[in-house]
Amino acid sequence: MATATLTSKGQITIPRQIRDQLEWRSGDRLDFVVDAAGRVVVERAPRDIRALRGMLRRPGKPVSTEAMDDAIAAHLSDSYGGDQGG
């Protein structure tokens, strides 16, 4: 079991083994939900589709799904320093 300490500012550091197992990276947004039993469930928040706006700068030209995948992979690589956890 991994343990973390709540600071006086209400912050915690999620243990590395948990972050690695869940593939959480710096900058990920997390959702906290309290279930009916009073347990807290933490999940990575879905990315806002608007964050992808402007990634492909080819106005007026059709873009293949392969080009979209390449652009997304390049953006993620830049965002996470090339560390994709896999």
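Where is Glu 23 found in this chain? Glu 23 sits in the loop between α1 and β1, and we will come back to this residue in one of the views below. Please keep in mind that the structure shown here is a predicted model.

**View 1. The whole chain, with its 2 helices and 2 strands.** Let us start with an overview. Followed along the sequence, the secondary structure reads α-β-β-α. Helix α1 covers residues 16-22, and helix α2 covers residues 65-79. The chain has 86 residues, of which 8% count as buried. About 7600 Å² of the chain is exposed, and carbon and sulfur atoms supply 52% of that area. Taking the contacts between residues at least 6 apart in sequence, 15% join residues at least 24 apart.

**View 2. The hairpin formed by β1 and β2.** Here you can see two strands that run antiparallel, with 5 bridges joining β1 to β2. Strand β1 takes in residues 30-34, while strand β2 takes in residues 40-44. To find your way along the pair, look for Leu 30, whose bridge partner in β2 is Arg 44. Another helpful marker is Phe 32, which stands opposite Val 42 in β2. As you follow a strand, remember that in a regular strand the side chains alternate between the two faces of the sheet.

**View 3. The turn of the hairpin, with Gly 38 and a salt bridge.** Between the two strands of the hairpin lie 5 residues. Gly 38 is in this turn and has a positive phi of about 85°. A salt bridge also appears in this view: it links Asp 35 with Arg 39, and their closest N and O atoms are 3.0 Å apart. How do the two partners differ in cover? Asp 35 is partly exposed, at a relative accessible area of 25%, whereas Arg 39 is exposed, at 55%.

**View 4. A salt bridge within helix α1.** Arg 16 and Asp 20 meet through their side chains in a salt bridge, with a distance of 3.7 Å from N to O. Both residues belong to helix α1, where they are 4 residues apart, or about one turn of the helix. Arg 16 is exposed, because its relative accessible area is 58% and the exposed class begins over 50%. Asp 20, at 41% relative accessibility, counts as partly exposed.

**View 5. Glu 23 in the loop between α1 and β1.** This is the residue from our opening question. What is the phi of Glu 23? The value is near 55°, which is positive although the residue is not a glycine. For comparison, most residues other than glycine have a negative phi. Glu 23 counts as partly exposed, with 40% relative accessibility.

**View 6. Asp 28 and the residues around it.** Asp 28 is another residue of the loop between α1 and β1. Is Asp 28 buried or exposed? Asp 28 is buried, because its relative accessible area is 18% and buried means under 20%. The side chain of Asp 28 reaches the backbone nitrogen of Arg 25 at 2.7 Å. If we set aside neighbours within four places in sequence, Asp 28 is in contact with Glu 23, Arg 44, Arg 47 and Tyr 80.

**View 7. The salt bridge between Asp 28 and Arg 44.** A search of the whole structure finds 3 salt bridges, and this view shows one of them. The closest N and O atoms of Asp 28 and Arg 44 are 3.3 Å apart. Asp 28 lies in the loop between α1 and β1 and Arg 44 in strand β2, so the pair ties together parts that are 16 residues apart in sequence. Arg 44 is partly exposed, with a relative accessible area of 39%. You have met Arg 44 already, as the bridge partner of Leu 30 in the hairpin.

**View 8. A nonpolar patch on the surface.** Which residues make this patch? Ile 49, Leu 52, Met 68 and Ile 72 make it, and its area is about 340 Å². Ile 72 belongs to helix α2. With 34% relative accessibility, Ile 72 counts as partly exposed.

How values were computed: Residues numbered from 1 in each chain as written. Predicted model: local features only at pLDDT ≥ 70, side-chain atom pairs only at ≥ 80, totals over all residues. Heavy atoms only, no water. Patch = residues over 30% accessible without salt bridge, like charges linked within 9 Å, V, L, I, M, F, W, Y side chains within 5 Å. Areas by Shrake-Rupley, 256 points an atom, 1.4 Å probe, with all protein chains shown as cover. Salt bridge = Lys/Arg side-chain N within 4 Å of Asp/Glu carboxyl O. Buried < 20%, exposed > 50% of the residue type's maximum accessible area, 1.4 Å probe, protein only. Pairing = 2+ DSSP bridges. Contact = heavy atoms within 4.5 Å. Polar contact = N/O pair within 3.5 Å; in protein donor to acceptor, adjacent residues only side chain to side chain.
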